[in-house]
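Reader: I am new to this structure. Please show me how to read it.

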Amino acid sequence: MPTPPLADVPAPEVIEIERALTRAAYLTGRARQHERLMASAGVSLDRAAVTVLRQIADSEPLRPGELAGRLVVEASHVTRQVQQLQKAGYVTRVADRDDRRARRIELTPTGRYAVDRIQEVCRRGMQMSLADWSPEELRDLAALVHRLVDDFLAHVESTAGQAPALAAPPA
């Protein structure tokens, strides 16, 4: 489906969505919030490690390049994270069934336990936060958030290497 040309000024709804997402990202990305999450889960991992582990858990085993692509980061970032996680016993490298020369990354039992604990704490917090929402509202929200993320990823992939064009500031 072709994308319609952008208006000079974003729609008020787009502005409000951007503001809400910025607030949500700030609240969930705060260091103190992460520390509380790790304490509740009984796990000691930094935010980047949690992101890598959760992605592997959602689609393991992955080649490092696939993992970097899914996280939309440079391969070197993933390589460093995987090395640290492997050293700590959370992941292991296994032979690729389709290409024995290639390696894939998968969770160890320790890694699976850590991800399960983190997801349990996150889901419990989400459930408490959304306790007053109806099942229909929750279904709608889930569908819309998945659509939003899919559209963001498609946009990122289609504009890779392009800087967003903004009008020059008024003189």
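The turns below go from the overall layout to the core and then to a single residue.

Reader: How many helices and strands are there in the protein?

Author: Keep in mind that this is a predicted model. The protein has 7 helices and 2 strands. Along the sequence, their pattern is α-α-α-α-α-β-β-α-α. The C-alpha atoms fill a box of roughly 55 × 45 × 35 Å along the principal axes.

Reader: What share of the residues counts as buried?

Author: A residue is called buried if its relative accessible area is under 20%. Of the 171 residues of the protein, 22% count as buried. The protein exposes about 12,900 Å², and carbon and sulfur atoms supply 57% of that area.

Reader: Which residues touch the most other members of the largest nonpolar core?

Author: A nonpolar core is a set of buried residues of certain types, joined through side-chain atoms. The largest one here has 26 residues, and Leu45, Leu67 and Val91 touch the most other members. Elements that give two or more residues to this core include helix 2 (31-41), strand 2 (103-107) and helix 6 (109-129). Helix 3 gives the most, with 6 residues.

Reader: What does Leu67 touch?

Author: Leaving out residues up to four places away in sequence, Leu67 touches Val52, Gln55, Ile56, Leu62, Val78, Val82 and Ile105.

Reader: Is Gln119 buried or exposed?

Author: The cut-off for buried is under 20% relative accessible area. Gln119 counts as buried because its relative accessible area is 9%. Gln119 lies in helix 6. Apart from neighbours within four places in sequence, Gln119 is in contact with Arg54 and Asp58.

How values were computed. Residues are numbered from 1 along each chain as its sequence is written. This is a predicted model: local features need pLDDT of at least 70, side-chain atom pairs count only at pLDDT 80 or more; totals for chains, interfaces and linings use all residues. Side-chain values use heavy atoms; hydrogens and water are left out. A nonpolar core is a set of buried Ala, Val, Leu, Ile, Met, Phe, Trp, Tyr and Cys residues joined through side-chain atoms within 4.5 Å. Buried means under 20% relative accessible area, exposed over 50%, partly exposed in between (1.4 Å probe, protein chains only). Helices (H or I, at least four residues) and strands (E, at least two) are DSSP runs, numbered from the N terminus. Contact means heavy atoms within 4.5 Å. Accessible areas come from the Shrake-Rupley method with a 1.4 Å probe; for residues, only the protein chains shown count as cover.
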